[in-house]
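This report goes through the sheets, aromatic pairs and charged pairs of one protein chain. The sequence and the structure come first.

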Amino acid sequence: MSSTTNYRASYQSYLNRQDVDGSKMRYIFIINTADGLQRYMKRNNMQSVLTKLSPLSMFGDIQIVAQIEGSFYQLPDFTEHTASQYMKTQIYGKDSLRGEKIDLFAELFHTSELTHIIWFTDEEVTPYTRVIQSMNAPHMFWNFVSIKGSPLRCATKPPKNIILTHIPKISSLATSVLYRKLLNKFAQYINKTDLPMHGRVRISQIENTADSQHVIKGSKSTVEQTNLKVGIGWKTVEGECLSAAMLLTNNQLADAENIAFFGNKSTIGMTHVDGRELPTEDMEQYTVNLSAIEQAGQDKILFTLVMPDGTPEQLYIRVLTYDNRELIRFQIDMETCASNTALELGALYYYKQEWRFNAIGNGYNAGMEKIGANYGIPDLTDTYNFTAEVLEDIALNGKTFEYHMQDLFTKLGYEVEVPTSDPYAPDYGVDLIAIKGGVRKAVQLKCFSNVVPIKAVQEVYAGARMYNCDKYMVVATNYFSRAALQLAEQLDVEIWDKMQLAKVEDRLRSRIGVSDENELKLKLSKKDAEDEIDIDISAFLVNGLDQCQSDEDLIFYNQTDHPSGCIRLINDTAWEKMMYIDLSSLPDYCEKIVIVGSLDAYKQKVELTIDNELNLYHTFEYMPSAVCDTLVLGQFRKIDGEWAFTTSETYFVGGLEEACKMYGLTTG
């Protein structure tokens, strides 16, 4: 048994004893890459430390951050399989500037996952302990590790979630001691602070309100910062409220897509955040970039609140900096708007080369319809639903829809990644990453009861670069606006509306019963194409391990018949192929027949028609991806003792040759 396997077993035993769900833990390594320390790490076999800690990655990749001269750079994720070479290929001699520079503490602040951070360094750690303490994030446990052997220098007593560790010399024994120290200290801290050993943690956030300016209705206050948060909070016995922020130019709303709210998460320079799960008193928040809004030509942001179930008992709007320093607070007098169903709370507006905040507090009795009409869109509520039901439509079903799409893409043959495990951390418009054949596709999901706006296409197109994706896709539970459709076509963003999504789901569910009493006829043909397209149909006879027993088990254009007589292929025309299957003649070792289609044009639709006994036709429509021209159309196999055909959408990059490798055949 290898040492890594031993470490893995040891770590798994540790998790079992502590009752830890390792898949819900997060680990980050920070490594000081200063030249002197690098040389020391090489001489003293720092690699053994990384190997010892590599089992931490068995539930998911570990984030690695390089730190040099006070700056931090994101490096490729660290896995158990890359442990033996990671230090050599990613740290030693690597210019950290080639990584992605990040604001480490700002990035970490957005997560509420229980996180163990192991920081290898030999510098003065006092400045970092002060920053960590100001974050007030007890769910983050920091292990500063000195690898030169001397104690780390810290001018002040560190908070309880910071441990300073040093080891005399990096050796096999020392790494074992270090390994136990790190994990035991982590477990002790978690137990003492009564935090769960898995999953998300409710963060207790301390906000600085010392310099907050409490304003009255009608006041106008200068705002100097350009990156802000705007929080809206209320208290109500029953019912629900819904806020919305509107971008205006010359006091007019250009279109409905310039509104950010629960049903349209972001617009130019502004993003809506549901505050119900954030460590804040706010019910909803907006992150605002005033510079971006100014450059886009907008000069006002109006913050509104819809109250379909009546006014809340208390209501406020406030302006904060990004590091949670409250600048302005406006407490609305609810007695003056007891009969209202909608309110204009306040506005950020540009006047005489500076941004200001206006405390408004005006009410309406006609809901969002009246506000929309006041600012140029009388039919605003025809586009978006601003009633309490939209909260249930989106908030409750949004996460379920994401889980459903993860399962759906997996069934379609994709590997699925989630950009961030924290649903309230910024995902840059990408909810899922679907990977197939080496191609990474950024996917944004819109669980909408409203029409999907153009912003969904813009966001996923821009956000794909953050995750090195080559393709883009938006999947929605409703239809897309005309502008969204036009932009998607121009940017080559694939879109699935509610109809396309239903077709895909129906295709996955497609299962037709067949019988071995009659010969089956399969026809593969082009669909809706004016040009001639050369297509081919092939079949693999595979055993229970999805492997062909010999070369004879591949039926294709150069081998049109199987020796058993169970399959024969007729090459009649370029754009149509016929295959006949006799299930009663299948060899005993064959448990499945995989049907594969190939064509010489990308993104060209084809259809497979199966004459299933007595002229009962079943037709299935397929469309290969933009980079793959060979796909599995489906397979014949026994389900519950009966023969059935089930559809598939597995693609191959590299044509029929790659399909042969998949099913155990070598090509010459």
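## The seven-stranded sheet

How many bridges join strand 5 to strand 6? Six bridges join strand 5 (residues 115-120) to strand 6 (residues 140-146), and the two strands run parallel. The model is a predicted one, in which local features need pLDDT of at least 70, side-chain atom pairs count only at pLDDT 80 or more, and totals for chains, interfaces and linings use all residues. Residues are numbered from 1 along each chain as its sequence is written, and side-chain values use heavy atoms, with hydrogens and water left out. Helices (H or I, at least four residues) and strands (E, at least two) are DSSP runs, numbered from the N terminus. Two strands pair if DSSP finds at least two bridges between them.

Strands 5 and 6 belong to an open sheet of seven strands with the order 4-3-2-1-5-6-7 and mixed pairing. Strand 4 (100-102) and strand 7 (162-166) each have a single partner strand, so one side of each is left without a neighbour in the sheet. On average, neighbouring strands of this sheet are turned by 25° against each other, direction ignored. Between strands 5 and 6, F120 stands opposite V145 of strand 6.

Helix 6 (residues 126-135) lies across strand 2 (62-68), strand 3 (71-78), strand 5, strand 6 and strand 7. The helix runs at about 170° to strand 6 (axes are lines fitted to C-alpha atoms, for helices over the stretch in contact, and angles run from 0 to 180 degrees between N-to-C directions).

## E100 at the sheet edge

E100 is placed in strand 4. At 42% relative accessibility, E100 counts as partly exposed (buried means under 20% relative accessible area, exposed over 50%, partly exposed in between, with a 1.4 Å probe and protein chains only). Leaving aside neighbours within four places in sequence, E100 is in contact with F72, Y73, Q74 and M466, where contact means heavy atoms within 4.5 Å. E100 and F72 are 28 residues apart along the chain, and their C-alpha atoms are separated by 8.3 Å.

## Aromatic pairs

The count comes to 19 aromatic pairs (rings of Phe, Tyr and Trp, the last by its six-membered ring, pair if their centres lie within 6.5 Å; planes under 30 degrees apart count as stacked, over 60 as edge-to-face and the rest as tilted). The rings of F105 and Y128 have centres 6.5 Å apart and planes at 25°, so this pair is stacked. F105 lies in helix 5 (residues 104-109) and Y128 in helix 6, so the pair ties together parts that are 23 residues apart in sequence. F105 is buried at 13% relative accessibility, and Y128 is buried at 11%. One aromatic cluster is formed by F72, F105, W119, Y128, W142 and F144.

F556 and Y557 have ring centres 5.1 Å apart and planes at 70°, so the pair is edge-to-face. F556 counts as buried at 17% relative accessibility, whereas Y557 is partly exposed at 43%.

## Strand 9 and strand 20

Strand 9 (residues 220-223) pairs with strand 20 (residues 354-364) in the antiparallel sense over four bridges. The side chains of strand 9 alternate: S221 and V223 point to one face and are buried, while K220 and T222 point to the other and are not. T222 has R356 of strand 20 as its bridge partner. R356 also forms a salt bridge with E354, with the closest N and O atoms 2.8 Å apart.

## Charged side chains

Eleven salt bridges are found in the whole structure (a side-chain nitrogen of Lys or Arg within 4 Å of a carboxyl oxygen of Asp or Glu). In one of them, K441 pairs with E494 at 3.1 Å between the closest N and O atoms. This pair links distant parts of the chain, K441 in strand 23 and E494 in strand 25 (residues 494-496), 53 residues apart. K441 is buried at 9% relative accessible area, and E494 is partly exposed at 32%. A network of salt bridges links D282, R318, E326 and R329.

Which residue meets E519 in a salt bridge? The partner is R568, at 2.7 Å from N to O. R568 also lies over the face of Y580, at 4.4 Å from the ring centre (a charge sits over a ring if NZ of Lys or CZ of Arg is within 6 Å of the ring centre and within 35 degrees of the ring normal). R568 is partly exposed, with a relative accessible area of 33%.
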